[in-house]
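Student: Could we go through the terms used for this model and see what each one rests on?

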Amino acid sequence: MSPETPLRVAYAGAPGSFAEDAVLAAFPEAEAVPVPMFDDVTKAVEAGQVAAGVLPIENVVGGGVREVYDLLDDTEATITGEVIVPVRLCLAGLPGDRLEDIERVYSHIQALTQAEPFLRSHEWTLLAATNTAASGREIQRLQERGSAAVLSPRAAELHGLVVLAEDIQAERRNRTRFLVLAMPD
């Protein structure tokens, strides 16, 4: 790889996700490459499409990520490191929406669980999505009034949403541990 070519590192999710935060923390100069699913990360690493990939393995609140444990058994990629990402959650909606306008809240099931006390203090319909940042991106894309997403403040800003409530995670020391995978030399 030439000095001009950035290291490419895959993660599952959308720009602004905690997995992208893990890539940026582990490889500050890398090109973060989003892929749809966890197994797409291992496939991209195995195929040599990226130099490495990151996968969440456990969260302080949610525990282990079983799907990733299963993937580790089936991949030829090896664990080369880990990175721990703080999890700060906010509730964000479209510009102009207010907290009292919200009817539906979208996010990954882990994030909904991690913010459950705050979310249950309101009469909102909670809807699971595949990714925290992707839920915000979709609200913006569809201009879905009355909807909000639980996601990071960085993801809210990246996707043009306004923060309606900050630091809604139940556990203030919430963290997710990500594994770094690469093919053996």
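The talk below turns to overall shape, a patch and contacts.

Tutor: This is a predicted model, where local features need pLDDT of at least 70, side-chain atom pairs count only at pLDDT 80 or more, and totals for chains, interfaces and linings use all residues. Residues are numbered from 1 along each chain as its sequence is written, and side-chain values use heavy atoms, leaving out hydrogens and water.

Student: What makes the radius of gyration of the protein chain agree with a compact globule?

Tutor: The radius is taken over C-alpha atoms, and the globule rule is 2.2 Å times the number of residues to the power 0.38. For 185 residues that gives a value near 16 Å, and the chain has 17 Å, so the two agree. Its C-alpha atoms fill a box of roughly 55 × 35 × 25 Å along the principal axes.

Student: Which residues does leucine 164 touch, beyond those up to four places away in sequence?

Tutor: With contact meaning heavy atoms within 4.5 Å, leucine 164 touches Leu91, Ala92, Gly93, Asp97, Arg98, Leu99 and Ile102.

Student: How far is leucine 164 from phenylalanine 178?

Tutor: Their C-alpha atoms are separated by 28 Å, at 14 residues apart along the chain.
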